[in-house]
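Here is a quick tour of one protein fold, written for someone who would rather look than read. Keep the viewer open and follow along.

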Amino acid sequence: MFKGKKKYTVRTSGDPVLTQEAAPILTITPETVELAKQMVETMYLFDGIGLAAPQIGLSQQLVVIDVPAPEDKDVVLSPGEELLLHQMPLALVNPRIVSTAGKMVSREEGCLSVPGIYAEVVRPERVVVHFTSLANQEIEIECDHLLARCLQHEIDHLHGVVFTDRLSPAEAARIDGELTKLRADGKRVNYIRVKKK
Ligand code: ZN
């Protein structure tokens, strides 16, 4: 069925790996770099802007992102956006939120592990994130806008949290039917796409 093609799978809601605490990466090896490449390829194939290792079934603290710059050219970019936006796609090893700032903002989120379901999630607008780059550099920097949102969403995955765990009761009730159906289906099939090699 997948002859001559490469098969990519993303774990969907209901898969236990998505509710586990991921293990820190103690040493960055060529395998880590290879895994990050594979994750970027998967993220692009599924049209995502972020992917965490648990989403492909690996309970490790590795995240890849490809966040676009804000469309409004007049917004003031945070130091994190200034540094990181032109390095996309970017891999973050052992990323963590050091602190949050700004007001709480609501924004619609989706997730490759929750295909077809979107809901409003309230999160702090800015975060200071700490991570190790694949080149073994320790980076701690403040991020704003979509980058801050994406990092919070992806780092949640490393702690077994999916955006659907963070909904208001009204939003949770609104998507409950769809989510229950996805979880029931997810036990049989994960989310698969194939691409010609
Ligand atoms: Zn996600």
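Before looking at a hairpin, it helps to know that two strands pair if DSSP finds at least two bridges between them. Keep in mind, too, that this is a predicted model.

**The hairpin and the last strand**

In the hairpin of β5 and β6, 5 residues sit between the strands, and Asn 136 there takes a positive phi near 70°. The two strands run antiparallel and are joined by 6 bridges. If you want a landmark along that pairing, Val 128 stands opposite Glu 142 in β6.

Which way do the side chains of β6 point? They alternate along the strand: Ile 139, Ile 141 and Cys 143 point to one face and are buried, while Glu 138, Glu 140 and Glu 142 point to the other and are not buried. That fits the general picture, in which side chains of a regular strand alternate between the two faces of the sheet.

**The sheet and its helices**

Zooming out, β5 and β6 belong to an open sheet of 5 strands, in the order β2-β3-β4-β5-β6, with antiparallel pairing. The edge strands are β2 (50-52) and β6 (138-143), each of which pairs on one side only. On average, neighbouring strands of this sheet are turned by 35° against each other, direction ignored. Over at the other edge, β2 runs antiparallel to β3 (residues 62-65), with 3 bridges joining them, and Leu 51 stands opposite Val 64 in β3.

Two helices pack on this sheet, and the table puts them together.

| Helix | Residues | Strands touched | Angle between directions |
|---|---|---|---|
| α1 | 30-45 | β2, β3 and β4 (90-109) | about 45° with β3 |
| α3 | 145-158 | β2, β3, β4, β5 (119-132) and β6 | about 85° with β5 |

**The zinc site**

Which residues hold the zinc ion? Its protein donors are Cys 111 (SG), His 153 (NE2) and His 157 (NE2), lying 2.0 to 2.2 Å from the ion. In sequence these donor residues are spaced C-x41-H-x3-H. The site links distant parts of the chain, as Cys 111 is in the loop between β4 and β5 and His 153 is in helix α3, 42 residues apart. Cys 111 is buried, with a relative accessible area of 10%, and His 153 counts as buried too, at 8% relative accessibility.

**A buried arginine**

Arg 123 sits in strand β5. Is this arginine buried or exposed? At 3% relative accessibility, Arg 123 counts as buried, because the cut-off for buried is under 20%. Its side chain makes a polar contact of 2.7 Å with that of Glu 109. Leaving aside neighbours within four places in sequence, the residues in contact with Arg 123 include Lys 103, Met 104, Val 105, Arg 149, Gln 152 and the zinc donor His 153.

**What about disulfides?**

How many disulfides are there? The count comes to 0. Take Cys 143: its sulfur is 10 Å from the closest cysteine sulfur, in Cys 150, so the two are too far apart for a bond. Cys 143 is also buried, with a relative accessible area of 0%.

Notes: Residues are numbered from 1 along each chain as its sequence is written. This is a predicted model: local features need pLDDT of at least 70, side-chain atom pairs count only at pLDDT 80 or more; totals for chains, interfaces and linings use all residues. Side-chain values use heavy atoms; hydrogens and water are left out. Helices (H or I, at least four residues) and strands (E, at least two) are DSSP runs, numbered from the N terminus. Axes are lines fitted to C-alpha atoms, for helices over the stretch in contact, and angles run from 0 to 180 degrees between N-to-C directions. Contact means heavy atoms within 4.5 Å. Buried means under 20% relative accessible area, exposed over 50%, partly exposed in between (1.4 Å probe, protein chains only). A polar contact is a pair of N or O atoms within 3.5 Å; within protein, one must be able to donate a hydrogen and the other to accept it, and residues adjacent in sequence count only if both atoms are side-chain atoms. Donors are N, O and S atoms within 2.8 Å of the metal (3.2 Å for Na, K and Ca); water is not among the atoms, so sites may look incomplete. A disulfide is a pair of cysteine sulfur atoms within 2.5 Å.
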